[in-house]
Amino acid sequence: MEFHLDRKFANAAWAQEAESIVRKCVHCGFCNATCPTYQLLGDEADGPRGRIYLVKQLLEGQPASAQARLHLDRCLLCRSCETTCPSGVPYARLLETGRQMLEQQQPRSGLDWLKRKLMTTLIPRNRLMQAAVSLARPLRAFLPRALASQLPTAGKDLQRPQRVHARRMLLLEGCAQAALTPETNAAAARVLDRLGITLVPEARPGCCGAVRLHTSARAQGLADIRRRIDTWWPDIEAGVEAIVSTASGCGVTLKDYGELLKDDPEYAGKARQVASLAVDIAEVIGAEITESAAWPKPARQLKVAFQSPCTLQHGQKLNGRVEALLSRAGFTLVPVADPHLCCGSAGTYSVLQAGLSAQLKADKLAKLLAHSPDVIATANVGCQLHLRKHAKLPVTHWIELLDTLEG
Ligand code: SF4
Ligand code: SF4
């Protein structure tokens with residue numbers, strides 16, 4: 001296919017990168033087969049190949065259109081297409097470029113702008129989130145079920161170990177996770193404590209940048225990243241072994257810090273170092289508890305349906321890791337059909353594309369429940385809260401299951 005980069009972009013590094021991505025695509029269309037929005041809508045423009053074509057048109061100088069925005073907005077950025085693509089097209093990077101071009105040419109307005117503004121103002125601010133949760137908690141009984149299900153579950157163990165080990169890893173506390181599922185990080189700290197590792201809490205918790213980056217507020221997202229780096233730097237200089245994320249959505253962003261700040265002379269080096277230290281909790285546990293190690297067994301047979309978040313399997317390429325850990329620990333994993341498909345959470349997608357998101361959730365829940373599990377486990381706070389709205393059984397982070405095992 002012919003491609004002529006518009007002359008006004010010819011000297012821009014971002015446009016040259018985008019051009020090379022477009023040229024990598026051979027238009028085979030294999031990716032459409034595993035794209036959730038293409039499967040739902042059956043429209044070429046709602047699949048990866050069609051979206052690549054739309055960004056190509058922008059790069060060639062065609063003006064932004066409402067149609068182009070509609071189709072690019074509908075993308076979940078789940079990256080299932082990247083896993084499928086035989087040519088290794090880094091689709092997500094191109095989509096981000098296309099979205100930024102649209103933002104610059106045609107700023108948002110009305111309800112769309114307002115929704116994004118509210119989310120980028122509330123979610124990344126830990127104190128605001130905590131305050132909102134404190135206000136809502138006493139009203140739980142009067143709230144609609146879907147909203148009440150998003151509040152922290154009562155009676156969870158939030159104790160963190162007091163012992164200090166020689167081995168230290170820094171914990172990314174997160175923003176939504178710290179307020180809505182604080183039990184996850186507490187469980188991670190206890191499990192690592194049993195393995196002789198201290199999980200150091202952040203001095204000033206905050207957002208990793210993902211919320212704003214994925215809500216068309218790139219400059220603010222990059223500012224969040226710089227704040228995280230400044231907060232962590234004393235611990236990094238003091239020699240923490242790793243920076244651990246228990247939310248795969250945050251983890252995938254952390255691992256991308258080096259790329260995101262590569263053009264910032266002040267932060268590029270630090271960002272690369274942070275990215276090299278970033279690990280998902282599954283990587284830490286997997287490295288510490290080997291095949292031959294004796295695992296304490298669950299007190300009773302527990303059937304687990306594991307929902308593998310896109311950010312874990314497609315973003316961080318850690319497909320199968322958690323499932324293997326849970327099986328080795330004695331939990332019974334039930335089969336889940338089409339595990340590569342997104343549950344519809346996708347960061348802020350469940351608010352911004354509520355209709356499509358609800359269809360994907362209903363489909364995912366039907367598949368998760370098909371073999372009558374006792375519990376649904378996942379690895380990302382966004383998916384956990386999204387599924388919890390309508391699941392009729394507990395939805396938990398998998399590290400909490402490991403935490404129930406007695407050594
Ligand atoms: S992105 Fe990959 S799988 Fe999709 S059409 Fe292009 S080359 Fe084929
Ligand atoms: S990122 Fe997901 S929703 Fe977007 S085009 Fe790729 S497979 Fe489809």
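Ala, Val, Leu, Ile, Met, Phe, Trp, Tyr, Cys and Pro count as nonpolar, Asp, Glu, Lys and Arg as charged, and the others, Gly among them, as polar. The model is predicted, and totals for linings use all residues, whereas local features need pLDDT of at least 70 and side-chain atom pairs pLDDT 80 or more. Residues are numbered from 1 along each chain as its sequence is written, and side-chain values leave out hydrogens and water.

**Exercise 1.** Describe the largest cavity and its lining.

*Solution.*
Step 1. On a 1 Å grid over the protein atoms alone, a cavity is a set of points where a 1.4 Å probe fits but cannot get out; lining residues have an atom within 4 Å of a point.
Step 2. The structure holds three cavities of 30 Å³ or more, a volume being the space filled by probe spheres set on the points.
Step 3. About 130 Å³ is the volume of the largest cavity.
Step 4. Its lining has 16 residues, and Cys25, Cys31, Ile52, Cys85 and Val89 are the closest to the centre.
Step 5. Sorted by class, this lining has 12 nonpolar, three polar and one charged residues.

**Exercise 2.** Describe the second largest cavity in the same manner.

*Solution.*
Step 1. The volume of the second largest cavity is about 90 Å³.
Step 2. There are 13 lining residues, and those closest to the centre are Cys35, Arg51, Cys75, Cys78 and Cys81.
Step 3. By class, the lining of this second largest cavity divides into nine nonpolar, two polar and two charged residues.

Definitions and conventions. Chains are lettered from A and ligands numbered from 1 in the order in which they are written. On a 1 Å grid over the protein atoms alone, a cavity is a set of points where a 1.4 Å probe fits but cannot get out, and a pocket is an open set with protein on both sides within 12 Å along at least five of seven lines; lining residues have an atom within 4 Å of a point.
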